[in-house]
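Visitor: I would like to learn how to read pockets and sheets in a model. Could you walk me through this one?

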Amino acid sequence: MLSIIQDIPDFVLSSQLDIVIGADKQVTFSLSKGGSVILQETYTPDSKNQVHILDLFSLMEPYLLTAPLSQFSYTCSASSETPINKTFIVLLSQYLIPGSATDFVNNYFLTALAGRDKTTSFDRKETIYLTTGKISSGGTSISISAECVFVNESNKIYTSVRSLGTVPDYNIRSVDVSPSRFTQSGYKLLRYTVTAGARKQVYRLDHDEPDSIGIKFRNSFGCMETFYFIGTDKLEPELTRSAAYFNGTYRTYHIDEQRKHTLSTGYIPELMYTLVDDVARSQEVYLMDSSEEIPITIIDSDTQRDTSNDGLFSFTITYILSSRCQNRLKLLPDIFDDTFDDTYN
């Protein structure tokens, strides 16, 4: 008798993809996406007449890295048995999260912060993502708002709720929640809380606005998120020279250069530790320059910490430019615009 003992839910996180099949004979399991077969294998049941199919995520990951919310299907068949078919939706998640996928996406934005506060500054770019776990439209929309808390020079607190519009209730949606969107004449922004249904994310403003280096990275849910390093930027050029004798003369014929940059977070709140972990494990990372986003590759990281009560921790990542050419020449901007005589430029 062919049966599904532990099924894959209609909507599931990729870290929860296990299926247990009950059968007293060999079972053929086929996993597909959009008509393309990803896996087709025949399994022999164990002594309990069960087949455990584990780690399906490793097969789905290449597809989910391209489209973090995707639809898959499986077919389970055995000799003289009615095949079992199912279609389900998977959300990329490199975290093992307690509870169902539906509970998670209805209560949290798609970030490793998972409701923890994030510190930001007024000149930074912040984007937040959400989903309901549906591929197609349900015909409704989700309202997004921000409750902003301001203070003036007399320490008078002013609270204002700003509408950020609505987004459709399907697929993965992004919302610009940069601090520059929230201003009030005569007041300074202290913090703001972005709300979408039961989802909440608090941003706290650092008004010192320290010099920072912005990193844009694909997080553990497949969404592009930002993080700013406010500590040191250490440059360590590394040259590997290859040389040989040519016509009796010893000459260098090739130089391989790697310019290693080590960025420090500076001391950051404990609530943001998981965000640094997410940066360190990301496979798609960009350096946010003033005019472009430069692909980089993280080659090392140090996110070590302990449970000491008085611990103040800072973390580092080491990266190189993804381009084979490691040197980038920055040109000085013109002093005056085109309305001035070229003599002054």
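Visitor: What volume does the largest pocket have?

Guide: Happy to help, and please keep in mind that this is a predicted model. The general idea is that rolling a probe the size of a water molecule over the atoms shows where empty space is left. Here, the largest pocket has a volume of about 460 Å³.

Visitor: Which residues lie nearest the centre of the largest pocket?

Guide: Those are Leu287, Asp289, Ile294, Arg328 and Lys330, out of 22 residues in the lining. By class, the lining holds nine nonpolar, seven polar and six charged residues. Two or more lining residues come from each of β16, β18, β19 (249–264), β20 and β22.

Visitor: How are the strands ordered in the sheet?

Guide: The sheet is open, with seven strands in the order β17-β16-β20-β21-β22-β19-β18 and antiparallel pairing. At its edges, β17 (224–229) and β18 (233–246) each pair on one side only. From one strand to the next, the twist averages 35°. Helix α3 (residues 273–281) packs on this sheet, touching β16, β17, β21 (293–302) and β22 (316–321), and its direction makes about 110° with that of β17.

Visitor: How many bridges join β16 and β20?

Guide: Four bridges link β16 (residues 213–218) to β20 (residues 285–288), in the antiparallel sense. As one example of facing residues, Lys216 stands opposite Tyr286 in β20.

Visitor: Which strand gives the largest share of the second largest pocket's lining?

Guide: That is β19, with five residues. This pocket holds about 240 Å³ of space, and its lining includes His254, Asp256, Arg324 and Cys325. The lining has three nonpolar, six polar and three charged residues.

Technical notes: Residues are numbered from 1 along each chain as its sequence is written. This is a predicted model: local features need pLDDT of at least 70, side-chain atom pairs count only at pLDDT 80 or more; totals for chains, interfaces and linings use all residues. Side-chain values use heavy atoms; hydrogens and water are left out. Two strands pair if DSSP finds at least two bridges between them. Axes are lines fitted to C-alpha atoms, for helices over the stretch in contact, and angles run from 0 to 180 degrees between N-to-C directions. Contact means heavy atoms within 4.5 Å. On a 1 Å grid over the protein atoms alone, a cavity is a set of points where a 1.4 Å probe fits but cannot get out, and a pocket is an open set with protein on both sides within 12 Å along at least five of seven lines; lining residues have an atom within 4 Å of a point. Grid points are joined across faces, edges and corners, and a volume is the space filled by probe spheres set on the points. Ala, Val, Leu, Ile, Met, Phe, Trp, Tyr, Cys and Pro count as nonpolar, Asp, Glu, Lys and Arg as charged, and the others, Gly among them, as polar.
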